[in-house]
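Student: I have a new model open and would like to learn how to read it. Could you walk me through some features, starting with burial?

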Amino acid sequence: MDDLKAKYLAQISDASDEAALEDIRIAALGKKGEISLQMRELGKMTPEERQVAGPALNALKDEVNSALIAKKAGLADAALNERLKTEWLDVTLPGRGRAAGTIHPISQVTQEVSAIFADLGFSVAEGPQIEDDWHNFDALNIPSHHPARGEMDTFYMHRDEGDNRPPHVLRTHTSPVQIRSMLEKGAPLRIICPGRVYRADYDQTHTPMFHQVEGLAIDTDISMANLKWVLEEFVKAFFEVDGVELRFRASHFPFTEPSAEVDIRCSWDNGQLKVGEGDDWLEILGSGMVHPKVLEAGGIDPAKWQGFAFGMGIDRIAMLKYGIPDLRAFFDSDLRWLRNYGFSALDQPDLASGLSR
Ligand code: DAH
């Protein structure tokens with residue numbers, strides 16, 4: 001029995017794969033295996049002999065069995081280790097190339113603007129692109145006879161004869177989202193509303209669909225000074241410069257009083273824009289203190305609350321920041337253009353790691 005034990009344990013220890021182990025198991029413990037045959041011999045023994053040989057054979061069988069199981073597990077472990085070695089991967093290596101698709105500059109800039117204003121405590125609000133004329137005009141203090149209605153080159157939705165639902169338009173600006181947000185959330189309020197807007201116009205700097213971002217802050221102690229600081233912080237962060245100079249030019253919008261257009265100091269060197277220095281001024285947005293009638297239309301008491309608002313062209317600031325000369329190219333879906341001006345899909349703009357790199 002000692003010989004049998006030594007022989008099988010040695011074979012098991014030398015086995016190099018599962019198939020070899022199985023052969024050993026059959027040779028030792030299979031129906032006609034050496035140990036099984038010995039066990040059959042027990043019947044022929046005297047009871048005294050059997051009392052000694054029986055437990056010894058059983059112990060031998062158990063020992064060989066355990067050795068087989070242990071070796072099988074060991075082989076499986078070794079196989080797994082071998083596989084893990086070949087499948088090893090250095091996750092700290094830089095990625096190869098870049099994803100085939102790119103983030104459109106409009107999406108990129110929208111995310112940059114949202115990240116900056118989020119940092120200043122503004123949340124993002126949205127409204128419908130097909131808007132009724134009350135939200136798009138009347139509630140913003142643009143009554144139907146107002147010349148601004150004509151100036152906006154509005155797209156009106158078709159209405160059948162006898163259809164007396166309120167007229168709908170493709171929103172001409174993001175300002176109606178001011179009204180919707182005031183009605184929905186009340187005061188105090190701090191929102192931006194980026195989105196598509198529509199006007200019937202087409203040339204190098206105008207497309208029938210373009211993008212704006214609206215800003216609105218309402219509280220009990222808001223002034224033009226707050227507006228100026230917020231815009232300065234925005235322009236510095238957006239153009240990624242340390243300092244800027246803003247100029248407020250008196251202007252007129254029906255929904256703000258007073259109203260101002262805002263220019264930033266800049267220079268143009270060989271067609272290359274530099275923000276923050278130079279002798280030129282660049283208009284970037286319209287703004288003002290929210291008109292009391294607009295607050296009222298939004299269900300907010302103008303005796304208690306004031307606010308500032310601004311509206312800015314996203315396409316325009318994208319063209320300025322990234323040196324894109326023709327607005328129309330944004331919407332041509334030309335793959336060569338998208339590859340050139342698009343952004344990596346793996347980089348999310350945020351203030352901590354940098355907006356545009
Ligand atoms: N809605 C204006 C436009 O489309 C832009 C604008 C100007 C928005 C002044 C404002 C604002 O909120 O205060 O031309």
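Tutor: Happy to! A residue counts as buried when its relative accessible area is under 20%, and as exposed when that value is over 50%. Keep in mind that this is a predicted model.

Student: Is Glu131 buried or exposed, then?

Tutor: Glu131 has a relative accessible area of 1%, so it is buried. This residue belongs to strand β3, which spans residues 130–132.

Student: Which side chain does Glu131 meet in a polar contact?

Tutor: For that we look for a pair of N or O atoms within 3.5 Å. Here the partner of Glu131 is Arg180, and their side chains are joined by a polar contact of 2.6 Å.

Student: Let's turn to the ligand. Which residues come nearest?

Tutor: The ligand has 15 residues around it, and the nearest are His173, Ser175, Arg199, Gln212 and Glu214. By class, the shell holds four nonpolar, nine polar and two charged residues.

Student: Which atoms of the ligand do the side chains of His173 and Arg199 approach?

Tutor: The side chain of His173 has an N or O atom 2.9 Å from a nitrogen atom of the ligand. For Arg199, a side-chain N or O atom is 2.7 Å from an oxygen atom of the ligand. Gln178 also takes part, with a polar side-chain atom 3.1 Å from an oxygen atom of the ligand.

Student: How much of the ligand's accessible area does the protein cover?

Tutor: On its own the ligand has 360 Å² of accessible area, and the protein covers 91% of that.

Student: Which strands supply at least two residues each to the shell?

Tutor: Those are β6 (209–219), β10 (280–290) and β11 (306–313).

Student: How do these strands pair with β11?

Tutor: Pairing is read from the bridges between two strands, at least two of them. β6 and β11 are antiparallel, with eight bridges, and Ile218 stands opposite Gly307 in β11. β10 and β11 are also antiparallel, with five bridges; there, Ser287 has Phe310 of β11 as its bridge partner.

Student: Why is β11 described as largely enclosed?

Tutor: Because six of its eight residues are buried, β11 is largely enclosed by the rest of the structure. As background, side chains in a regular strand alternate between the two faces of the sheet.

Student: Finally, how is the whole chain divided into domains?

Tutor: Domain 1 covers 2–86 and domain 2 covers 105–341. Taken over C-alpha atoms, the centres of domain 1 and domain 2 are 82 Å apart.

Terms used
Residues numbered from 1 in each chain as written. Predicted model: local features only at pLDDT ≥ 70, side-chain atom pairs only at ≥ 80, totals over all residues. Heavy atoms only, no water. Near = heavy atom within 4 Å. Polar contact = N/O pair within 3.5 Å; in protein donor to acceptor, adjacent residues only side chain to side chain. Areas by Shrake-Rupley, 256 points an atom, 1.4 Å probe, with all protein chains shown as cover. Helix = DSSP H or I, 4+ residues; strand = E, 2+ residues; numbered from the N terminus. Nonpolar A, V, L, I, M, F, W, Y, C, P; charged D, E, K, R; others polar. Buried < 20%, exposed > 50% of the residue type's maximum accessible area, 1.4 Å probe, protein only. Domains from an automatic or database assignment.
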